[in-house]
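Subject: Handover of a structural model

Dear colleague,

Please find below the sequence and the structure that I am handing over to you. My account of the findings follows them.

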Amino acid sequence: MTVSILNNVIGPVMPGSSSSHTAGPYHIAKLFRGFAGTLPKRTVFTFAPGSSIAECYRDQGSDLALVMGILGLPLTDVRFKDALSIFPSFGIEIEFVIENFAGARHPNSIKIETDMGGGGSLRAVADSTGGGSFILHSLNGCPVDIAGDAYYLFAESEQPLPDGLPGKFGKVTKQGNCLLLASPYEIPCELVDRLRAAPGIIAVRSAEPVFYPIRGEALYKDGRGMIEYARAHSLSLGEAALEYESALLDMPKEELNQEMERRLAVMERAVELGLSKDSPPMSLLSPTAGEIMAAEAAGRLALGGIHTRAAARAMAAMQVNSGQGIVCAAPTGGSAGVLPGVVVTMLKDLNITRADVVRAMWAAGAVGWVLGEQGTFAAEVCGCQVEIGAAGAMGAAAVVEMAGGSAAQCCDAAAVMFQNAMGLVCDLVQATVEIPCHTRNASFASQAFICADLVLGGYRNPVGIDGTVEAVCATGRMMPCELRCTSLGGMAVTEEALAMKKRR
């Protein structure tokens, strides 16, 4: 996967509560629907026993997201919560099954099988890899490598396919009697017709991207290269990240800034809603962010101040996330409170201009990009350190950027935050992104300011961002599956946690 900040780090905009279990499955189903070409008559979604998605799919809305994707409805459609009750009105059948299947290689592997009617069928296996990203690696039994950031043409033949498909249209991959073309641009109809007319062709299917297409080249490959690029071109980290994204997506910087500002607005609305009396109901917790903010304003806390307000705002966004309201994953749904807590505090308490806050968000995205390039955003793979820990690191970089620090200082503050989150497990209570997720989001939003101040004040971080991320990912893979988003260990199995009653 080629990591894009808007595709994979700050975003997608989604209903809560988990990007791995909500946005990722939606993107898989939406792309699959594209290859199907029409609404399947019957669809079966299968999860492997004991996998994270099998344990959590009901509680975290994977079933709702998969239905919305197959129906071809937007992820943020107001009917999201009613997806299971509305799909019969489309004249289709949908079933969810838990059983072992070939190709299950990830805690969030999903098999999709459809009956198209009239004897036609389609099947696929894909992995939701964290933060809404995915890899579709099998289509009708053919090995493929599809990340959703291109236009796709898939052909099956009774015999080995001929050579000669023009490479100028994109990357061509052949496996046996199957061919996959991935193109950064819309595939011409004449090419589709030409392939359909080839001898022995059984089927030709196409699908549009679910993310921004990757149309350019990466300006750098790792954190060290990113810092050097910024230094060589006299750029801040946020400016270097914007140049990277512009080159990678072949899009104007102005357009990219507008999209980042739109995502900032989503974060603002989530915080505002979470602090209001209309904060949505949650499964286990009662909304308290507004109470905390009021207590701070009244001087009834031990200290209060900007750190507490950032924490309360992070909790407010997470309340919306848990209520399946609209949030911006940053880098995941389970960590969708940290960056809003930081950037809304910049706007409200520090009077930073919106343009400067958007630039700080690009700096945050740059830190998340390093993790995306080297590891994963999935707590199912590496624990909470790559979700809320990563969000804290991103927030620390945003604060340094806002304060006028260098790219190297942004990355050092992020590395320190990552180091403080090393080994953080994902032990969500009752498979719900609330306990201990909300207070972790809150405390990490506060810590982002502290880690930024440490570095700006003169602390010299000895282990850089690349080495730190490498250590984080290695540590995460050492964790037993019970501590990686299965609700089978940690706080999730305490007597009090198991005794809690869900409100909805």
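In what follows, helices (H or I, at least four residues) and strands (E, at least two) are DSSP runs, numbered from the N terminus. The model is a predicted one, in which local features need pLDDT of at least 70 and side-chain atom pairs count only at pLDDT 80 or more, while totals for chains, interfaces and linings use all residues. Residues are numbered from 1 along each chain as its sequence is written, and side-chain values use heavy atoms, with hydrogens and water left out.

Unusual backbone geometry

Most residues other than glycine have a negative phi, and most peptide bonds are trans. Pro-436 belongs to the loop between α16 (407-420) and α17 (437-456), and the peptide bond that leads to Pro-436 from Ile-435 is cis, with omega near 0°. A cis peptide bond also links Gly-11 to Pro-12, with omega about 10°; Pro-12 sits in the loop between α1 (5-9) and β1 (13-15). Cys-485 is not a glycine, yet its phi is positive, at about 65°. This cysteine, Cys-485, is found in the loop between α18 (465-478) and α19 (495-499).

The six-stranded sheet

Strands of a sheet pair through backbone hydrogen bonds, either parallel or antiparallel. Here, two strands are taken to pair if DSSP finds at least two bridges between them. An open sheet is formed by six strands in the order β3-β2-β4-β5-β6-β7, with mixed pairing. Its edge strands are β3 and β7 (142-146), each of which pairs on one side only. From one strand to the next, the twist averages 20°; axes are lines fitted to C-alpha atoms, for helices over the stretch in contact, and angles run from 0 to 180 degrees between N-to-C directions.

Strands β2 and β3 pair in the parallel sense over six bridges, and Thr-43 stands opposite Ile-94 in β3. A search of the whole structure finds 10 aromatic pairs (rings of Phe, Tyr and Trp, the last by its six-membered ring, with centres within 6.5 Å; planes under 30 degrees apart count as stacked, over 60 as edge-to-face and the rest as tilted). One of them is the stacked pair of Phe-47 and Phe-96, at 6.4 Å centre to centre and 25° between the planes. Phe-47 lies in strand β2 (residues 42-47) and Phe-96 in strand β3 (residues 93-98), so this pair ties together parts that are 49 residues apart in sequence.

The four-stranded sheet and its helices

A further open sheet has four strands in the order β9-β10-β8-β11, with antiparallel pairing. Strands β9 (171-175) and β11 (201-207) stand at the edges with a single partner strand each, so one side of each is left without a neighbour in the sheet. The twist here averages 15° from one strand to the next.

Five bridges join β9 to strand β10 (residues 178-183) in the antiparallel sense. Lys-174 stands opposite Leu-179 in β10, and Gln-175 has Cys-178 as its bridge partner in β10. The hairpin of β9 and β10 has two residues between the strands, and Gly-176 takes a positive phi near 60° there.

Helix α2 (residues 19-36) lies across β8 (151-157) and β11, at about 140° to β11 (contact means heavy atoms within 4.5 Å). The helix α2 also lies across β4 (109-117), β5 (120-130), β6 (133-139) and β7, at about 150° to β5. Helix α6 (residues 189-196) lies across β8, β10 and β11, at about 160° to β11.

A helix pair

The axes of helix α12 (residues 338-349) and helix α15 (residues 388-402) come within 8 Å and cross at roughly 20°. The two helices, α12 and α15, are therefore roughly parallel to each other (angles under 35 degrees count as roughly parallel, over 145 as roughly antiparallel, 65 to 115 as roughly perpendicular and the rest as oblique). In the contact, Val-338, Leu-339, Val-342 and Met-346 of α12 meet residues of α15, among them Ile-388, Ala-391 and Gly-392. By class, the contact of α12 with α15 has nine nonpolar, two polar and no charged residues; Ala, Val, Leu, Ile, Met, Phe, Trp, Tyr, Cys and Pro count as nonpolar, Asp, Glu, Lys and Arg as charged, and the others, Gly among them, as polar.

With kind regards
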